[in-house]
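Let's take a walk through this model together, one feature at a time. Have the viewer open and follow along.

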Amino acid sequence: MNRVPADAENAHSSSVESCPSLRDVHSINPTHLMARIESYEGREKKGISDVRRTFCLFVTFDLLFITLLWIIELNVKGGIETTLEKEVLHYDYSSSYFDIFLLAVFRFKVLILAYAMCRLRHWWAIAFTTAVTSAFLLAKVIISQLFSQGAFGYVLPIISFILAWIETWFLDFKVLPQEAEEENRFLIAQDASERAALLHPGVLSDGQFYSPPESVAGSDEDSEEKQDSEKPIV
């Protein structure tokens, strides 16, 4: 006998459990959502996110730092002009550092083109530059005679290798995940604003109110008198 009330109570409790989601939707503040959407749209209008700009600055630092070390190496060996002519015009793979500088220029051009100008959202470009850098540096260390030329034989290849892998880590673990998270937040906020617009329509304006046409004055009284006159006199 108590089975039907129990089922009804269970159904009521399940409906009550589903109510928080509806209450959450009703509790959405449309003004707050619109402000959040406008902030996301403002970021899109800037063209590049803050974390991507930081990545591009680090790529620029990579080029400048390798260039600075190469210039120092040219001075240490006996002057920029003579050493530059020896390493560039009379390039020798086993003893020249000019190719490490060109490797930094190669990374800079590819990464800036891919992630600053084209705003690429994939890791293939930096994977290509890191693979080329790693393979070239490993081959140069094994084949060349850099270690016999003093401290720069160790410093330039190691720093170039480390910077290339830091760029890869920063893009793969910071730039791309953060931009994907911001895009998901924007889509969620946009969807919530559309639902809020349906659940919380704006206040009706004066033009949306209307009243039925006014009845002729005294018409109700005339109809009552007419009904009284038509009643039979007892």
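What follows looks at one helix, then a surface patch, then the cysteines. Keep in mind that this is a predicted model.

Start with helix α6, which covers residues 124-143. Its 20 residues, at 1.5 Å a residue, should span 28 Å, and the end C-alpha atoms are indeed 28 Å apart, so expectation and model agree. Now look at which side chains are covered: Ala125, Ile126, Thr129, Thr130, Thr133, Ser134, Leu137 and Lys140 are buried in α6. Viewed down the axis of α6, these buried residues fall within an arc of 155 degrees, so they line one face of the helix. The spacing has a simple background: an α-helix has 3.6 residues a turn, so residues three or four places apart point the same way. Turn α6 around, and the face away from its buried side shows the exposed residues Leu138, Ile142 and Ile143.

Next, move to the surface. Val141, Phe147, Tyr154, Val155, Ile158, Phe161, Ile162, Trp165 and Ile166 form a nonpolar patch there, with about 770 Å² of accessible area together. Which helix gives the largest share of the nonpolar patch? That is helix α7 (residues 152-199), which supplies 7 residues. Ile158 is one of the patch residues, and Ile158 is found in helix α7.

Finally, the cysteines. A disulfide is a covalent bond between the sulfur atoms of two cysteines. Counting pairs of cysteine sulfur atoms within 2.5 Å gives 0 disulfides. As for surroundings, Cys56 is buried, at a relative accessible area of 10%, whereas Cys118 is exposed, at 55%.

Definitions and conventions:
Residues numbered from 1 in each chain as written. Predicted model: local features only at pLDDT ≥ 70, side-chain atom pairs only at ≥ 80, totals over all residues. Heavy atoms only, no water. Patch = residues over 30% accessible without salt bridge, like charges linked within 9 Å, V, L, I, M, F, W, Y side chains within 5 Å. Areas by Shrake-Rupley, 256 points an atom, 1.4 Å probe, with all protein chains shown as cover. Salt bridge = Lys/Arg side-chain N within 4 Å of Asp/Glu carboxyl O. Helix = DSSP H or I, 4+ residues; strand = E, 2+ residues; numbered from the N terminus. Expected span 1.5 Å × (residues − 1). Buried < 20%, exposed > 50% of the residue type's maximum accessible area, 1.4 Å probe, protein only. Arc of directions from axis to C-beta.
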